[in-house]
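This report describes how the chain shown below is built around its nonpolar interior. The account begins with the core and then turns to the chain as a whole.

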Amino acid sequence: MSQAFPGPYGGPVTGHVPVLRLGEVLLVTLQGDLHDSTAQQLQQDLAETISRSGATGVIIDISGVEIVDSFLGRVLAEIAGQTELLAARTVVVGMRPAVAITLVELGLSLPGVHTALSTEVAMELLTQHAPSSRYGGLRQESP
């Protein structure tokens, strides 16, 4: 079951990227160019949604993005950093070969960002390595 997190007035908001909830995972699909204000709003929306929902993972689908520049690379790295501080992980999916080549040619590293070829693989990655406790890390088994 998925749940979209609407804007403050209940509907989609211009300049916002929709954030869908799939269990404990949030799904964001980027389409086209991401402007400065939209990127900042996305970072804020994701942080608030993770905090409010207790999500343990974020999947960012960039299959609709044809060009990745240093700005988008920095935004992805910042989102991953914020997500990690909120005890969740980020997986980027749908990267086109040209985008991967561009990122390598730009010398961009994306610390904290995991990648997967599809959303299904990303879901498996996040659910297989999900923390056993939202706040405590490892779960202790009783004897």
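In this predicted model, the largest nonpolar core comprises 29 residues, and those with the most contacts inside it are Leu30, Leu42, Leu46 and Ile60. Five elements each supply at least two residues of this core, as listed here.

| Element | Residue range |
|---|---|
| Strand 3 | residues 25–31 |
| Helix 1 | residues 36–53 |
| Strand 4 | residues 57–64 |
| Helix 2 | residues 70–85 |
| Helix 3 | residues 97–106 |

Helix 2 provides the largest share of the core, with seven residues. A separate core of eight residues lies apart from this one, and Leu27, Val91, Ala122 and Leu126 are among its members. In soluble globular proteins, nonpolar side chains tend to be buried together.

The surroundings of Ile60 merit a closer description. When neighbours within four places in sequence are left aside, Ile60 is in contact with Val28, Leu30, Leu76, Ile79, Thr90, Val91, Val92 and Val93. Of these partners, Leu30 is also listed with Ile60 among the residues with the most contacts inside the largest core, while Val91 belongs to the other core.

As for the chain as a whole, four helices and six strands are present, arranged from the N terminus in the order β-β-β-α-β-α-β-α-β-α. The chain has 143 residues, of which 37% count as buried. Among contacts with a separation of 6 or more, 69% join residues 24 or more positions apart. The exposed surface amounts to about 8600 Å², with carbon and sulfur atoms supplying 55% of it.

Definitions and conventions: Residues are numbered from 1 along each chain as its sequence is written. This is a predicted model: local features need pLDDT of at least 70, side-chain atom pairs count only at pLDDT 80 or more; totals for chains, interfaces and linings use all residues. Side-chain values use heavy atoms; hydrogens and water are left out. Buried means under 20% relative accessible area, exposed over 50%, partly exposed in between (1.4 Å probe, protein chains only). Contact means heavy atoms within 4.5 Å. Accessible areas come from the Shrake-Rupley method with a 1.4 Å probe; for residues, only the protein chains shown count as cover. A nonpolar core is a set of buried Ala, Val, Leu, Ile, Met, Phe, Trp, Tyr and Cys residues joined through side-chain atoms within 4.5 Å.
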